[in-house]
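User: Please take a close look at the sheet in this model. I would like to know how it is put together and what packs around it.

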Amino acid sequence: MADDLSSSATKDVLLVKATKSSTLLWRMAVLVFAMICGVYICSICLKQISIPSKIGFVDIKVINQTCPEPNLEPWEIPYVHYPKPNTYSRDECVCSPVRYFTILSMQRSGSGWFETFLNNHTNISSNGEIFSVKVRRSNISTIVETLDKIYNLDWISSASKNECTAAVGLKWMLNQGLMQHHEQIADYFKTHGVSIIFLFRRNLLRRMVSILANQYDRDTKLLNGTHKSHVHSPHEAEILAKYRPTINSTLLIRNLKQVNDTTTKALEYFKSIRHIVLYYEDVVKNRTKLLDVQDFLKVPHKDLKSRQVKIHKGLLSSQIENWNDVSKTLNGTPYESFLHADYRK
């Protein structure tokens with residue numbers, strides 16, 4: 001009997017312990033479940049609280065950047081841009097549309113002189129001969145990177161305006177990577193709505209005189225030991241004009257043809273891009289050509305001025321040392337007209 005009572009008591013104790021252990025595990029399970037539910041509910045509440053504030057912020061941002069639609073013809077739309085510079089804020093100019101352009105030319109064709117007229121306009125920024133630096137034209141990637149910076153108004157130079165810029169561009173010589181990468185560059189111009197101003201010189205013989213004289217001054221530095229490609233006083237122009245280059249008559253026709261072929265190719269390569277063709281001689285004779293350019297860039301008309309002074313004036317016969325040889329070489333050829341073509345200004 002005693003053994004039975006002892007065995008029964010032992011069973012009761014074990015049963016009580018098992019019950020307590022089971023109850024503890026159950027409570028732990030309930031506690032963990034409650035914690036998980038609490039975390040889940042809190043996360044949902046936080047999301048619901050944060051969503052309205054985000055929406056409100058985006059709405060305000062969009063409203064602040066909304067600009068009135070400009071009065072444009074449908075064809076103009078791809079050429080109107082609203083750059084967002086990384087280096088500064090356009091502030092009050094943020095809604096002023098900007099048009100992109102590039103001046104395609106050749107050395108000693110009047111492009112520097114022409115660009116001074118454009119930069120005399122309060123709303124035009126032409127940033128000079130950017131691709132004269134070889135590293136910028138080393139491959140198409142560096143070319144695109146440079147163009148992106150210019151057209152995003154992040155290229156800070158003396159041409160940058162305090163007024164709202166309405167047209168931004170650069171001067172690009174045909175021998176500065178342009179012809180080698182013409183297909184990719186034409187695609188870039190199309191995609192980004194860039195317009196082209198072609199500026200060439202009709203009288204290629206006069207251009208040759210200017211090139212040779214400029215090379216001579218680069219070596220001798222006639223103006224008090226300083227080389228100047230362009231001058232701003234009649235006195236300086238007179239000093240530089242005293243040099244009369246000797247032209248290699250044997251290579252003359254070949255060189256003239258090469259230049260003529262290059263300009264013809266450039267016009268062909270970029271004929272599908274919106275463009276205007278100008279000649280230096282026409283701008284010299286008729287300054288109303290500058291109004292045509294302002295219309296092309298869609299900027300207000302201004303009376304544009306330049307401080308540059310022309311170096312080589314008058315008849316070519318007075319500017320070439322071996323004039324008789326040159327004249328004999330060109331007479332009876334397609335380039336004979338270069339001997340006589342002249343302009344007074």
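Analyst: The sheet comes first, then one of its residues, then a helix and the cavities.

This is a predicted model, where local features need pLDDT of at least 70, side-chain atom pairs count only at pLDDT 80 or more, and totals for chains, interfaces and linings use all residues. Residues are numbered from 1 along each chain as its sequence is written, and side-chain values use heavy atoms, with hydrogens and water left out.

The sheet is open and has five strands in the order 2-3-1-4-5, with parallel pairing. Strands (E, at least two residues) and helices (H or I, at least four) are DSSP runs, numbered from the N terminus. Two strands pair if DSSP finds at least two bridges between them. Strand 2 (124-126) and strand 5 (275-279) stand at the edges. Each has a single partner strand, so one side of each is left without a neighbour in the sheet. On average, neighbouring strands are turned by 20° against each other, direction ignored. Axes here are lines fitted to C-alpha atoms, for helices over the stretch in contact, and angles run from 0 to 180 degrees between N-to-C directions.

Strand 1 (residues 99-105) and strand 3 (residues 167-173) run parallel and are joined by seven bridges. I103 has K171 in strand 3 as its bridge partner. Helix 3 (residues 140-151) lies across strand 1, strand 3 and strand 4 (194-200). Its direction is at about 150° to strand 3.

L170 lies in strand 3. L170 counts as buried, at 0% relative accessibility. Buried means under 20% relative accessible area, exposed over 50%, and partly exposed in between (1.4 Å probe, protein chains only). Not counting residues up to four places away in sequence, L170 touches residues including F101, I103, F131, L147 and I150. Contact means heavy atoms within 4.5 Å. L170 and F131 are 39 residues apart in sequence and 9.1 Å apart in space, C-alpha to C-alpha.

Now helix 6 (residues 234-241). E236, A237 and L240 are buried there. Seen down the helix axis, the buried residues fall within an arc of 100° (directions from the axis to the C-beta atoms), so they line one face of helix 6. P234, H235 and E238 are exposed on the other side. Helix 5 (204-220) is among what covers the buried residues of helix 6.

Helix 5 also gives five residues to the lining of the largest cavity, the largest share.
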